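This briefing concerns one strand and its neighbours, followed by a contact between two chains. Please consult the sequence and the structure shown below.

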Amino acid sequence: MDIFSSPLAVRLERTVTATGPHILQNPNQINSPFETLPKPLFPLPAAAASTAASSSSPPSDTAAAMDAGGASDPSRQVRVRFVTKLPAPLRAPPTSIAVPADLTRMGLSEIVNSLLLAASPGHQTQPFDFLVDGELVRLPLQEFLLAKGISAERVLELEYVKAVAPRKQEDPCPHDDWVSTVDGSNPSFVLTGCYDGFARIWRDASECTHILEGHSDGITSASFINKGETEDRLHVVTSSKDRSLRLFKFDTSVSIPKQIGAYKILRGHTSSVQSVAVDPSTDMICSGSWDSSIKLWSVEGSEEDGDTVSVKKRRTNSDSSGTEESQFEGSATSTFLGHTQCVSAVAWPERQTIYSASWDHSVRQWDVQTGKETWNMVSGKALNCLDCGGESSSLIAAGGSDPVLRVWDPRKPGTLAPIFQFSSHKSWISSCKWHPSSWFHLVSSSFDGKVMLWDLRTAWPLASVETHKDKVLCADWWKGDSVISGGADSKLCIASGIEIV
Amino acid sequence: MGHSDGDHGSDLSADDSPWSEGSWSDDDDEGSLSFEDSGEGSDPESDEPDAAAAEESDSSEDEVAPRNTIGDVPLEWYKNEEHIGYDITGSKIKKRDREGRIEAYLRNADDAKNWRKIYDEYNDEEVQITKEEAKIISRLLKGRTPHTNVDPYPDYVDWFEYDGKGHPLSSAPEPKRRFVPSKWEQKKVVKLVRAIRKGWIKFDKPKEEPNFYLLWGDETDTADNKRQGLSYIPAPKPNLPGHEESYNPSVEYIPTQEEIDSYQLMYEEDRPKFIPRKFDCLRSVPAYEKALREGFDRCLDLYLCPRTRKKRINIDPESLKPKLPSKKDLRPYPRTCYLEFKGHNGPVKSLSVEATGQWIASGSSDGTIRVWEVETGRCIKVWNVGGVVHRIAWNPSPDRHILAAVVDHDLLLLNAEVGDEDAQMKTKGLLQIEELPQEEDNGDKKPAVRWVKHEKFDGIMLIHHKLSKKHSHHPFRKLLGLPIAAVFHPSQKMFFVATKKFVQVYDLQKAQLVKKLESGVREISSISIHPGGDNVIVGSKDGKLCWFDTDLSTRPYKTLKNHLKDITNVTFHRKYPLFASSSEDCTAYVFHGMVYSDLNQNPLIVPLEILRGHSSSDGRGVLDCKFHPRQPWLFTAGADSVVRLYCD
């Protein structure tokens, strides 16, 4: 037990004062939640001393140690035990410690860091987040316990996880016009859609390798069809305001030609197509449009269409790109009617189910086989975005013409009330996405220029990315640890280093 | 029951209730009474006096209470019992052992007085009767009165004295004249009747009660007059004096000198008003020292007292407010600005929303017309028309994207170049001037331009275009006053024209005036019609908004004075019960305007929200406002060259 000797306490003190608030490398770009916490630094030697005392002697000695360390009065103390699911070097000793009750998350984080540092001297200090009974601690500990009605008498078990916040901001990728959509489902490529009618493929989010052209108006939505696969052939669908969808297929290893033409054009919508979603088994596509219909398209096997030739002729006439690839025109396999206004977002989480959000304030669930609407929920606001995720991808997050991101549970019968509401944005919410692997994490973008990260276990945003100068139109997760977003400032921004375990 | 408990010497009981004692005697002679058998009550005559005696003896308080407590029950009930009843504590009274007949006879022979003993079956004991009682019994047995001094046959004394009275009654029959009416009386009656008929006798008229009274006068009024208007204000009632206020109180009431000194340290309010003092006699009590002071104070009170009492009516000012539904129940309505459409370089004078709500068009005095995407606030089209755009309007048909704009003195029709390709082709065809596509004139009479304002020409103000026919109607060559604004009826072929002070309703088919609405405002600036068609709102340049119910009256149903400056536009929502007004004072007001299908129910108007956000430029504020056709959103065009979207 040599770590509890007095020279170490002195060393601990020096460490803490030297590190100060552990902020990210680029504090100007990323608004860490820690910066917003105005809590003064907790006098750490006291905590360390109390650790020593509590592990070896009864609590009365602890209080004495606290007093000796000049901490607040001993009546305002909570005994906590730090537990974690993190791997071994980040595991703190499981002894219970008396800490001042007015500690915030930052103070707790410092204690854990100092404990870890005491255990392994090479430890890098980093921010942590704390969970009590499955809820993130966002208030000072005392207020949190009071608000949740948890007794301060017993030893409080604090589970700590790595704080979810972007550590690094990559260089933005410039576009020629507003970036309307991004897709980060492929770990090595990022797909962006732009108002100039081109979709772009960015290798490692730094270099534009391909430009997918052909649309005569702005692209509204784009998606990889073969999600998550790292094979060389990419398969992409884009939807546009020119009322068509286009399918692209190309080899990523070949960088020439850079411009890619569509191999298939899907027509049928009578107004601009707003959103597109791909079937999990990747052979169907559904799209929502301003003509308030949802159409299903088949990805393959429509070469038997009679008017292929004429289409080719027309496309070659009007298209100046001069692509040599043959283009086929496909028509919708089925159409879901029911919405009364623009279908602004569609999501296809399972083989049989499509969710759609519309400006007629409703979120509907469709059965793919029958084409019937199986669930209809009226939210009261015009909706712009929708995503399914969470536990067994059964929760629905949607945002729209108000600054509140809402999460519904369609399994709950008889109620249309959202189970979660996140309202830190200042303007319309333009997109929302669940984390591909975590049940709790969400990213949302808003017209107020912010991209926010959310955790279902707290009502406060985990982090807010404010790199955009104008409206943010789209955001998505990429590689599980980055957030990509595009906006009206014609940039694709990447915030990386988000550790979600 | 009436037996005293063996106390036969009681004179009082013997005197007071002779009958009760006597009733107990049997019908045997006094010499040979067999007492033991006699108590059976076999003689029916003895029952009744027995009951009477019981009542009498009950009332006698001096009577000693009987030993037995069973009450007036037949004694045969106890015949076969071991006890005769219960004493006062509730324990059983055992029957005495009966002595045999021989013993009784022997005792009878021994004792000379034994014949006077009787057996009380109730109490199961023997009672000896006194001599007086025995005498009474024997008298009764002989049928005499029990008392000796009662005279059964006294002399009769007549109550009426006949001496000198004569006979009071006659037995003679009634004379006949008592049954016949009197001849002389009849003559008198005839005479009176004749006199009345001839009017010789005049009756006094019945005195009439005065059937009027002082409506406002009553006793209290006259009493007030007597008091000459000064209301009586009673002096405050003093408390009754206590012991300490006596001139010679007990010592304990008198404070010591230290206590009196301690009063000086107290606050003046807490100090006792009166300190008790002791005087030898009433004569040595001095005059009340504060008499003058208190009299003066009372005079001051009266002098400063208000002489007339005002009746104050307590009305809660909140209760005078009309009952309005809460704003929460009237949601959704536009509240917050979330989107701004920036791009114009001059005041945005007019805007119009496309029928589906996907785009808006705005015209500005910088000479440009812009088309915006509502969803993102992106400007997708700009036309430079080279003149101030006064008004702009989309074609209300969702498949013909034609914009009409009034630029300076010209009317421009533009192809908005949005939407379907086929529709765009069609629109292009429509707008071709050279050829006249007669084949498209298939009865589609929907006017393309809803709003046209022209300022130069006085006579022909309204241009009713039929796009398909490529010519204009000039239906109204004679108009009263300068037309300001005009709208079409949403369903019927009617046309509302607002002139400076009136709104005139024309029938388009007959081309004649149907109705004239009087607004009563200084100058009308804008007009809008409810989608139901029966209600019209009119905004004026003095900031007033008039709601007309055309079925109700030609005068405004409600006039709302909210804006400080000119109202620039008023508009109804097509789907939601909302209407809005925009004004030069940089605000837009949103109202709830519910029109009920029940004709008896007046429209409900509730002010909901003041929308601020525009800044003033050259003294001008919000120049136009339009609702989104499908959402509860309001677009406002400001003189600060910004178009704002307010959402719910």
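**Strand β28 of chain A and its surroundings**

In the hairpin that β27(A) and β28(A) form, with 5 residues between the strands, A:Gly390 adopts a positive phi near 75°. The model is predicted. Strand β28 of chain A spans residues 395–400, and its pairing, its burial and the contact of chain A with chain B are set out in turn.

**Pairing with β27(A)**
- Strand β27 of chain A, residues 383–389, runs antiparallel to β28(A), and 6 bridges join the two.
- A:Gly389 has A:Leu395 of β28(A) as its bridge partner.

**Pairing with β29(A)**
- β28(A) is also joined by 4 bridges to strand β29 of chain A, residues 402–408, in an antiparallel arrangement.
- A:Ala397 has its bridge partner, A:Val407, in β29(A).
- The hairpin formed by β28(A) and β29(A) has 1 residue between the strands.

**Burial of β28(A)**
- The strand is mostly covered, with 6 of its 6 residues buried.
- Both of its faces are covered.
- One side presents A:Leu395, A:Ala397 and A:Gly399, all buried.
- The other side presents A:Ile396, A:Ala398 and A:Gly400, likewise buried.
- A:Leu395 is thus both a buried residue of β28(A) and the bridge partner of A:Gly389.
- A:Ala397, also buried, pairs with A:Val407 of β29(A).

**Contact between chains A and B**
- In chain A, 15 residues are in contact with 12 residues of chain B.
- On the side of chain A that touches chain B, 7 residues are nonpolar, 6 are polar and 2 are charged.

Definitions and conventions: Residues are numbered from 1 along each chain as its sequence is written. Chains are lettered from A and ligands numbered from 1 in the order in which they are written. This is a predicted model: local features need pLDDT of at least 70, side-chain atom pairs count only at pLDDT 80 or more; totals for chains, interfaces and linings use all residues. A residue is buried if 20 or more other C-beta atoms lie within 10 Å of its own, exposed if 12 or fewer, and partly exposed in between; C-beta atoms are placed from the backbone. Two strands pair if DSSP finds at least two bridges between them. Two residues are in contact if their C-beta atoms, placed from the backbone, lie within 7 Å. Ala, Val, Leu, Ile, Met, Phe, Trp, Tyr, Cys and Pro count as nonpolar, Asp, Glu, Lys and Arg as charged, and the others, Gly among them, as polar.
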